[in-house]
Structure formats: structure tokens, C-alpha cells
Amino acid sequence: SLPNHVRGGFVKLADFKIEQVAPPSKDQLADNQVILRPIYYSIDPYQRGRIAGVKGSFIESYSEGNAITNILVATVVASASADYQEGDVVIDNDGKWETEYVTEACAISKAPTQYSAEPKDHVGVLGMAAFSAYVGATVLAKPKAGETILVSSASGGVGQMVVQLAKARGLRVIGVAGSDDKVEYVKSIGADVAFNYKTCGNYLEAIKVAAPEGIDIWFDNVGGEFLDAALAHINTHARIIICGAITQYNLSSPDERYGIKCLTSVLIKKASIHGFIIDEYYDTPTHVAFYEEVSQLYRAGKITYRLSETDGLESAPQAFLDLFTGKNFGRSIVKV
Ligand code: NDP
């Protein structure tokens, strides 16, 4: 659970509390309720905003004293709903970080097992981060073969899918990551060029060397100084996809926000900036198109999807903290 909101700065392990509570029993189920036993929890950077307890964001903040919640895939272990049976594998987009819990049937959906019978895939290769990559890189970015795309956090849950979907559409792909191992991985999945932003020296120079002909699509997961530097290298009619801004999630105060200097490039290059939040695309034809394309590519061995998997719910807080130091290598999930 989260005893108190953590407004600014980095969250610490001591900010989480592990509690033993009595497991729910079948007898306490009201009509249309189910008991879920999570199999895999998704660990996501956006949860930092919910921990801060700020009102008016795109999703409710966590309430103090209660369980942390996030996307998870679970088995139904008891059901008082006509729509779910014991043994069904379901997705709860705001499920509890508990080993078993009661929820309303209307809050969950059956995992689309026609695309994969493996529960892990529904927080992995077919999960929310991969879907965000699909929406940003293939729908909003309107890619054309031969164009150049730059993607930050390129080995992560979102980034590695951006690299591979962009490559499949004939783009020249430049990936940026925070370690040499990650850089190697990004190249191994198809990036034409990749570099380590921690050791590359001057960002402006490094991007210029990687993209001598400029950038047509800038898919950003980090914000801040690197976002700014890339803006200086965009081409005419570039599309800038703002997917995340992880450099800005743990600031001690709003005064520390990075002030973008190169916005005039957007004007001069007649570029567009598109921010998005993935929840608007759930259960739409775009979601179906994503499942169809990515499940086929994955089954055919044409894409890979690296997971950063830890064991046991008690490992979830550390897995969450690791997102902000780059210790995760691939999409972060916790197995129960
Ligand atoms: P990742 O798997 O990419 O993990 C986070 C990574 O961010 C780390 O491994 C690290 O990689 C990098 N990172 C952490 N701190 C910093 C820093 N200070 N500066 C630069 N890089 C840093 O996470 P996801 O794929 O789940 O998410 C990627 C981004 O997309 C996040 O910003 C997230 O909030 C956003 N997102 C947005 C969605 C939307 O709907 N718009 C949906 C899903 C995710 P490295 O070692 O390479 O530095």
C-alpha cells in the first residue's frame, strides 16, 4: 500500500508498506463480483504521477493507506457474475497490488486469448506499452518508408516496439538508450544506428552524427534536454510524438522543469507535436489492428519483446523504483 503521497523527488522503498490481510472468501462476494488472483503485474513509469497525489491528471491519484493499483493479468478464482467463470484469464486495468482481491465484474475484461494464450503476453508484447508504441509510431506519426525516426528509451517496453514497428514500415531507425548492453540490443532488433546518451557527450552533436539528414519522426519517451536537442534536428513537416517525459517525473519542485529552447524549430519546420494517452485507444478498431498485426509478427518470429521480470509481489516496489535508474532492461513486469 501507499501510506502517504510522495509529492516530489525520487520515491524510496520505505514509501511503500507491505501488509498482510486476510484473503477474500467466496462467501463475501456480492452479485456481479469476482475474486481475482493476479498472475503478472505491469510496472509503469506513469504510476509516479499517481503516487504524487496530484489532482487533475488523466487518471486518479492513489489514495493514501490503500493498495497501489495498475494493469494486471489475473485468474478468476471465484465468481458471482454470469460473465466470468473460475479459471478465466482476465485483464484488470486498475487491479490491486494484492495477491487476491475482490472486484466488480464490470471493471475487468477477458484477456483476448485468440491472440495469445500466454497470460504474460497480455502485459508484455500485447500489453499497454507495446500498444502505445503502435499508436504513436504507426497511427499518429504517419510514417512513410524511407523516413528517419528517432526514439528515446529505445530498449524499454515502448521503445523496443517502436524500433521494430518502424523498421517493419521501412524507416531508418535511430535508437537511444542508457547503457552499452541496451544499445547492442536496440541494434539487434533492427535499429540502423543506436547510441548511449550517457556517454555520447554533447546531445546536439550526437544526434547530428546519427541523423545527418535530419529527423522526420521524433518519438520521445524522456522529455527535457534530450527532447530539446532533437528538436534542433527535425526536418520539414516532422512529426513529434510525445509519449513520455521520464526525466521530469521525479523533480523536487515544478521550478526544476526543463525549459525547452528549440520550439522555434517546430515553427520553421512546419512540424506537428502530438501528445497522447493510450487509454483513449482501448477497445477501438486501432486496438484490434494492433492485436492482429503484433500477434502475427510475434508468432512468426519477426519481432522480439524483451521483458524485465521479477518474482513475487513484494518485488514490485523495487521494480518500480528501477524504472527511474534504468535498471530494468525491457518491459518491466512482476510474476506472482
Ligand atoms: P521503459 O521500459 O522504457 O523504462 C523506463 C526507462 O526510462 C528506463 O529503463 C531508462 O532507460 C529510462 N530512464 C529512466 N530515467 C531516465 C532519465 N532520467 N533520463 C533518461 N532516461 C531515463 O518504460 P516504458 O516503456 O513503460 O515507458 C517509456 C515512456 O513512455 C515513459 O516515459 C512512460 O511514462 C511513457 N508511456 C506513455 C504512455 C502513454 O499513453 N502516453 C503509455 C506507456 C508509457 P535507459 O537505461 O535507456 O535510460
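These legends walk through several views of a predicted model of a protein chain with its ligand.

**View 1. The whole protein chain, with its nine helices and 13 strands.** Let's start with the overall picture. The radius of gyration is 20 Å, close to the 20 Å that the globule rule gives for 336 residues, so the protein chain is as compact as a globular protein of that length. Along the principal axes, its C-alpha atoms fill a box of roughly 65 × 45 × 35 Å.

**View 2. The two domains of the protein chain and where they touch.** Domain 1 covers 13-124 + 306-335, while domain 2 spans 128-279. On the side of domain 1 that touches domain 2, the residues divide into five nonpolar, four polar and three charged. Between the C-alpha centres of the two domains there is a distance of 29 Å. The contact itself brings together twelve residues of domain 1 and 16 residues of domain 2.

**View 3. An open sheet of six strands.** If you trace this sheet from one side to the other, the order reads β8-β7-β6-β9-β10-β11, and the pairing is parallel. At the edges sit β8 (193-196) and β11 (272-275), each of which pairs on one side only. On average, neighbouring strands are turned by 15° against each other, direction ignored. As a general reminder, strands of a sheet pair through backbone hydrogen bonds, either parallel or antiparallel.

**View 4. One end of the sheet, where β10 meets β11.** Here strand β10 (residues 234-242) runs parallel to β11, and four bridges join the two. For a handy landmark, look for I240, whose bridge partner in β11 is I273.

**View 5. Helix α4 lying across β7 and β8.** Now for the other edge strand, β8. Helix α4 takes in residues 180-188, and β7 takes in 172-177. The helix runs at about 170° to β8.

**View 6. The shell of 32 residues around the ligand.** Which residues come nearest to the ligand? They are G156, G157, G178, G244 and G326. By type, the shell divides into 15 nonpolar residues, 14 polar ones and three charged ones.

**View 7. Where the shell around the ligand comes from.** Both domains take part, as domain 1 and domain 2 each provide at least three residues of the shell. Among the secondary structure elements, α2 (128-140) and β13 (331-335) each supply at least two residues. The largest share comes from α2, with three residues.

Terms used:
Residues are numbered from 1 along each chain as its sequence is written. This is a predicted model: local features need pLDDT of at least 70, side-chain atom pairs count only at pLDDT 80 or more; totals for chains, interfaces and linings use all residues. Two strands pair if DSSP finds at least two bridges between them. Axes are lines fitted to C-alpha atoms, for helices over the stretch in contact, and angles run from 0 to 180 degrees between N-to-C directions. Two residues are in contact if their C-beta atoms, placed from the backbone, lie within 7 Å. A residue is near a molecule or strand if its C-beta atom, placed from the backbone, lies within 6 Å of it. Ala, Val, Leu, Ile, Met, Phe, Trp, Tyr, Cys and Pro count as nonpolar, Asp, Glu, Lys and Arg as charged, and the others, Gly among them, as polar. Domain bounds come from an automatic or database domain assignment. The radius of gyration is taken over C-alpha atoms; the globule rule is 2.2 Å times the number of residues to the power 0.38.
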